[in-house]
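Me: Please take a close look at a single part of this model. I would like one connected answer, in short sentences.

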Amino acid sequence: MSSVSSIEAPPTAPAAQIEAPVARGGERWLPYLLILPALAILISLIIPFLIGVYWSLTDYKLTSTLPKQFVGLRNYQTLLQDAAFWNSVRVTLTYVVIALLIELPLGLAVAVMLNRDHPVVRFFRAVMILPLMMPPVVGALMWKSMMTPDGILNYLLGMIGIGPLQWLGSVQLALPSILLIDIWLYTPFAALVLLAGLQALPKEPFEAARVDGASPWVAFRTLTIPMLLPFLIIVGAFRGIDSLKIFDLIYATTQGGPVDVTNTLAITTYFQAIRWTNFGTAMSYAIVLWAMCYILAFILIRRWRKAMQG
C-alpha cells in the first residue's frame, strides 16, 4: 500500500470534550450570580447605616435652612451629659431584663405542659399561637381599651373589691402594664421555640435516669435544662433584641409617658427625628441603640456556639 494510505487521521475529540471548557467557564461565574441578590440586600442595608452614622456626626436639622455642619462626636458628648438619655437607657434596660426574666421561665413552663400527646394539649397548642398572629399595635390597642378606667380589667377588679386602677396613666403602673402586654404577646413565641427544643431532645438519657431512680425534678434540672440551653439562648437573643428596640407597644399605649417613665431609646429616637426634626441627635440615639443590640447579640451568639459544642 502507498504511504498516503498508511497515514491515519488523528482521532477527533468528542463533542462533549470540546464543549467542556465552555461549560466550566459558565459554572465558574454561577456562584457569583447566585450571591448577587444577597449582595444587593447587604448593600441596601449598609449604605443607609453609613448615612446614619454620618448624620450622627453632624448638626443636621430637617427644618433648618442652613447646611448641616460636621460636628464630630459632639452629639454623643451631649448625650452622655443629658439626664433624659440616661433615663431612656434605664427604662430600656429595665424593660429588657424584666421581659426576659418573666417570658423565658413562663415560656419554658408552658412548653413543658404542652410537651405531651393529648387532644386537649393539641387544642391549646393551636390556641397558644393566636397572640403571635395579631399585629403588636392591634394587641396594644386592644389592651389599652381594656385598661381604661371603665375598662374590663377594672370591672373585674371591682368585683373583688379592688378600686379602679390607672393602668397606663400611673407613674407606678405604666411600665408594668406595657410589660403585661408584651408578656401576653410574646410568651407564646418562647413557648413554641422551647417546645420544639423539648421534642428534639433524645429519649435515651431520660430513660437511663428513670432506671437509675432519678426524680422528674432531678432529670429536668440535670438533663433537660443543659440540653435545652441552645434553645433558651435563641429565645433570649430574639426577645432581648426585640425588647431593646421596643417601640410599637409603647407608642400605641403611652407614647413614652407619663413623665417619661416609659420613654425608651427607640421612643426618644422617634421624637428627636420626627417631632423635633433633630436628625443629627436622633441618629446618635439610633447608633447607641444599635451598639447595644450588637453587643447583646455578640455575647449570646458566642454563648450559643459554646452550648452547641457541648
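**Helix H9 and its surroundings**

Reply: Start just past the end of the helix. H9 is followed by Gly161, and the phi of Gly161 is positive, near 85°. Keep in mind that this is a predicted model.

Now the helix itself. H9 spans residues 152–159, and its buried residues are Leu153, Asn154 and Leu157. These residues cover an arc of only 95° around the axis, so they lie on the same side of H9. Tyr155 and Met159 are on the other side of H9, and they are exposed. To count as exposed, a residue needs over 50% relative accessible area, while buried means under 20%.

What lies over the buried residues of H9? The cover includes H8.

That leads to H8, which has a contact of its own to describe. H8 covers residues 136–146, and H10 covers residues 174–200. Their axes come within 10 Å and cross at roughly 135°. H8 is therefore oblique to H10. An angle has to be over 145 degrees to count as roughly antiparallel. The crossing in which H8 passes H10 is right-handed.

Next, the residues in that contact. H8 contributes Pro136, Gly139, Ala140, Met142 and Trp143. From H10 come Leu180, Ile181, Trp184, Leu185 and Tyr186. By class, the residues of this contact are 9 nonpolar, 1 polar and no charged. Gly counts as polar here, and Gly139 is among the H8 residues in the contact.

H10 residues also turn up around a loop position. Thr262 sits in the loop between helix H13 (248–253) and helix H14 (265–275). Thr262 counts as buried because its relative accessibility is 0%. Leaving out residues up to four places away in sequence, Thr262 touches Val91, Ala174, Leu175, Ile178, Ile250, Thr254, Gly256 and Gly257. Of these, Ala174, Leu175 and Ile178 fall within the residue range of H10. Val121 is 141 residues from Thr262 along the chain, and their C-alpha atoms are separated by 37 Å.

One more position brings in H10. Leu108 is in helix H5, residues 83–113. At 11% relative accessibility, Leu108 counts as buried. Leu108 touches Leu194, Phe220, Ile225 and Leu228, again not counting residues up to four places away in sequence. Leu194 falls within the range of H10. The C-alpha atoms of Leu108 and Leu300 are separated by 18 Å, and the two residues are 192 residues apart along the chain.

Notes. Residues are numbered from 1 along each chain as its sequence is written. This is a predicted model: local features need pLDDT of at least 70, side-chain atom pairs count only at pLDDT 80 or more; totals for chains, interfaces and linings use all residues. Side-chain values use heavy atoms; hydrogens and water are left out. Axes are lines fitted to C-alpha atoms, for helices over the stretch in contact, and angles run from 0 to 180 degrees between N-to-C directions. Helices (H or I, at least four residues) and strands (E, at least two) are DSSP runs, numbered from the N terminus. Angles under 35 degrees count as roughly parallel, over 145 as roughly antiparallel, 65 to 115 as roughly perpendicular and the rest as oblique. A crossing is left-handed if the near helix is turned anticlockwise from the far one by less than a right angle, and right-handed if clockwise. Contact means heavy atoms within 4.5 Å. Buried means under 20% relative accessible area, exposed over 50%, partly exposed in between (1.4 Å probe, protein chains only). The arc is that of the directions from the helix axis to the C-beta atoms.
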